[in-house]
Amino acid sequence: MESAPSRTAMFAAVSRGLFRLETASPWVLDDALALVLVGPVWQQLRDQFDPLFPGPVRSESRAAVCTRSRYAEDRLAAGAFTQYVILGAGLDSFAWRRPDLLGSLTVFEVDHPASQAWKLERVRELGLPLSDSQVFVPVDFEAGPVLDVLGPAGFDWAQPAMFCWTGVAPYLTAQAIESTLRTIAAAAPGSEVVFSYRAEDCALDDAGTEFARIYTPIAASAGEPLQPGWPVSEIERLISRCGLKVVDHPARADLQQRYFAGRADGLRPYTFETLVAARVT
């Protein structure tokens, strides 16, 4: 991670892109730029890792990666936010996918310096336009608080903000998660955070258990080891202790009803990660 882009961020982008290629519409998230941002290596990653996962596990994991982005963007669109902070932005393409929302927002992409530098190089190579509304903020979540970098980057702590923090907490220590949540709690009242966390093992179904078994050594070998999962009650206590109020904590069945109802293929997101939305009161 010190000199290369996050491998797991590339995995997530490949998942978003392949979901679009391999799944019948309507898509829970239509990310036409995901594979473009990864570049030709996406085919190598697919060929290397797809055979390791049974088909249903692959489908559910890709559905979940897309669902977590859609869920965050839906809450953003439904609120009165002037700032959107994507923590651990990876190869997120929000700023190019959602020009309808970009006009009224300042988007802060916060990520590890190596990953962010690599992404910006890809953006330049592809000739993607950069807006004055996009602010890139390099930070190492384990090394220092987000508080230290957001203000100098132009973030206004007096204005309401939506924080998207998905696909990151499963790799962070409890201390780093708590530090970031406390930073978010210092934002203006009405601000929200959507984040995903690793579910405890006893909450996983067969597909979630199989995903964890296969993916855990892959993440470790990429230098981004997974941390233990959280019980629902424990993560809610942590959120409350940090000064935030849980406003939505959907189970897998809730997400399936919201985003996958009526599909003939029975597609649904996996149980490995759980989404939660919390508000600054």
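## Pockets, a cavity, a helix face and two cysteines

In this predicted model, the second largest pocket has a lining of 22 residues, and those nearest its centre are R252, T271, E273, T274 and L275. The volume of this pocket is about 290 Å³. Several elements build the wall: α4 (55-78), β5 (192-198), α12 (252-259) and β7 (273-280) each contribute at least two lining residues. By character, the lining of the second largest pocket splits into 13 nonpolar, 5 polar and 4 charged residues.

Let us turn from the open space to the enclosed one. The structure contains 1 cavity of 30 Å³ or more, and the volume of the largest cavity is about 40 Å³. Its lining is made of P5, S6, A9, M10, G90, L91, D111, S115 and W118. Two elements, α1 and α7 (113-126), give two or more residues to that lining. Here the lining residues are 5 nonpolar, 3 polar and 1 charged.

The two spaces can be set out together:

| Space | Volume | Nonpolar lining residues | Polar lining residues | Charged lining residues |
|---|---|---|---|---|
| Second largest pocket | about 290 Å³ | 13 | 5 | 4 |
| Largest cavity | about 40 Å³ | 5 | 3 | 1 |

Helix α3 makes a nice stop on the tour. Within α3 (residues 41-49), W42, L45 and F49 are buried. Viewed down the axis of α3, the buried residues fall within an arc of 60 degrees, so they line one face of the helix. The background is familiar: an α-helix has 3.6 residues a turn, so residues three or four places apart point the same way. What do the buried residues of α3 pack against? Their partners are α1 (7-22), α2 (34-38) and α10 (206-221). Helix α1 thus appears in two places, as a packing partner of α3 and as a contributor to the lining of the largest cavity.

Finally, the cysteines. A disulfide is a covalent bond between the sulfur atoms of two cysteines. With a cut-off of 2.5 Å between the sulfur atoms, the model has 0 disulfides. C164 takes part in no disulfide, and its nearest cysteine sulfur, that of C66, lies 13 Å away. C242 is in no disulfide either; the nearest cysteine sulfur to C242 is that of C164, 18 Å away. Are these two residues buried or exposed? C164 is buried, with a relative accessible area of 4%, and C242 is buried too, with a relative accessible area of 5%.

Methods
Residues are numbered from 1 along each chain as its sequence is written. This is a predicted model: local features need pLDDT of at least 70, side-chain atom pairs count only at pLDDT 80 or more; totals for chains, interfaces and linings use all residues. Side-chain values use heavy atoms; hydrogens and water are left out. Buried means under 20% relative accessible area, exposed over 50%, partly exposed in between (1.4 Å probe, protein chains only). Helices (H or I, at least four residues) and strands (E, at least two) are DSSP runs, numbered from the N terminus. The arc is that of the directions from the helix axis to the C-beta atoms. Contact means heavy atoms within 4.5 Å. On a 1 Å grid over the protein atoms alone, a cavity is a set of points where a 1.4 Å probe fits but cannot get out, and a pocket is an open set with protein on both sides within 12 Å along at least five of seven lines; lining residues have an atom within 4 Å of a point. Grid points are joined across faces, edges and corners, and a volume is the space filled by probe spheres set on the points. Ala, Val, Leu, Ile, Met, Phe, Trp, Tyr, Cys and Pro count as nonpolar, Asp, Glu, Lys and Arg as charged, and the others, Gly among them, as polar.
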